[in-house]
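User: I'd like to talk through a protein model with you, one question at a time. Here it is.

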Amino acid sequence: RSFHNFSPGFADATDPKSVRSVYRCRAGVTAGYRDFLAGRVYAVLRITGRDFLYHQIRGMAGLVIAVACGAVSQAYLDLALSKDAGIEVPLAPGGNLVLSECVFRDDEFSAPTGQHIRETISKEGGRRGLPGPASCADEHVCKVVMEDICSAASEAAFAKFSRELREEVGPRMQHSLFQRLGRIETAEASKNESS
């Protein structure tokens, strides 16, 4: 599938460099009662794929947030993934995203320099590296990451993103969706009249 709307520099969906394989995208809320009381309730978006474009994950997360909070309708997902070009996709703040894990398949990718010290061989025969908060293998690492995600700066960045999404970006995206849907309905009506 082409993710040309999720990364800058693509004129349309026909550019082969915009085609990426996303195998799975799942969302959930991870928090216990203590986290809720401490104001550390957070969502987990798990994306599994072969490779990703620059800003693609931030765009996917931003669009999921836009739909989940009601800034745009679910139909906008189809529009963003369509062959139409120039569809606006909001970028979630990078400081609020955490890379949890990278998997490097044997004989296809090599682990980054120094990675061999931290990697383990998985049951599937791949190399697993860069453990993060999802696995919390190292309690200290998990604590540092959670403190950063829950910091005042990260919360302020997300509050700004949410406000802009609600007040500016979301309405602009919805307007674009309605314009495009109107053009489709007009084109279909013209086609039916000429038949």
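What follows is a short back-and-forth about this predicted model.

User: Let's start with the layout. In what order do the elements of the chain run from the N terminus on?

Analyst: The chain has five helices and five strands. Reading from the N terminus on, the order is β-α-β-α-α-β-β-β-α-α.

User: What share of the residues counts as buried?

Analyst: Buried here means under 20% relative accessible area. The chain has 195 residues, and the share that meets this cut-off is 27%.

User: And among contacts with a separation of 6 or more, what share comes from residues 24 or more positions apart?

Analyst: A contact here is a pair with heavy atoms within 4.5 Å. Of the contacts with a separation of 6 or more, those between residues 24 or more positions apart make up 61%.

User: Which element supplies the largest share of the largest nonpolar core?

Analyst: That core has 19 residues, and Phe6, Leu63, Val72, Tyr76, Ala80, Leu165 and Met173 have the most contacts inside it. At least two residues each come from α2, α3 (75–80) and α5 (152–194). The largest share, five residues, comes from α5.

User: Leu63 is on that list. Which residues does leucine 63 touch, leaving aside its neighbours within four places in sequence?

Analyst: Leu63 is one of the residues with the most contacts inside the core. Its partners beyond those neighbours are Phe6, Val72, Tyr76, Leu77, Ala80, Val89, Pro90 and Met173.

User: On to pockets. Which element gives the most residues to the lining of the second largest pocket?

Analyst: This pocket has a volume of about 310 Å³. Its lining has 16 residues, with Cys25, Met60, Val64, Leu77 and Leu81 nearest the centre. Both β1 (22–30) and α2 (56–68) supply at least two of the lining residues. The largest share, five residues, comes from α2.

User: By class, how many nonpolar, polar and charged residues are in that lining?

Analyst: Cys25, Met60, Val64, Leu77 and Leu81 lie nearest the pocket's centre, and cysteine, methionine, valine and leucine count as nonpolar. For the whole lining, the tally is 13 nonpolar, no polar and three charged residues.

User: Cys25 came up there. Is cysteine 25 buried, partly exposed or exposed, and why?

Analyst: Partly exposed runs between the 20% and 50% cut-offs. Cysteine 25 has 31% relative accessibility, so cysteine 25 counts as partly exposed.

User: And why does cysteine 69 fall in its class?

Analyst: The exposed class starts over 50%. Cysteine 69 has 52% relative accessibility, so cysteine 69 counts as exposed.

User: Last one: how many disulfides are there?

Analyst: A disulfide needs a pair of cysteine sulfur atoms within 2.5 Å. By this rule the number of disulfides is zero.

Terms used: Residues are numbered from 1 along each chain as its sequence is written. This is a predicted model: local features need pLDDT of at least 70, side-chain atom pairs count only at pLDDT 80 or more; totals for chains, interfaces and linings use all residues. Side-chain values use heavy atoms; hydrogens and water are left out. Buried means under 20% relative accessible area, exposed over 50%, partly exposed in between (1.4 Å probe, protein chains only). On a 1 Å grid over the protein atoms alone, a cavity is a set of points where a 1.4 Å probe fits but cannot get out, and a pocket is an open set with protein on both sides within 12 Å along at least five of seven lines; lining residues have an atom within 4 Å of a point. Grid points are joined across faces, edges and corners, and a volume is the space filled by probe spheres set on the points. Helices (H or I, at least four residues) and strands (E, at least two) are DSSP runs, numbered from the N terminus. A nonpolar core is a set of buried Ala, Val, Leu, Ile, Met, Phe, Trp, Tyr and Cys residues joined through side-chain atoms within 4.5 Å.
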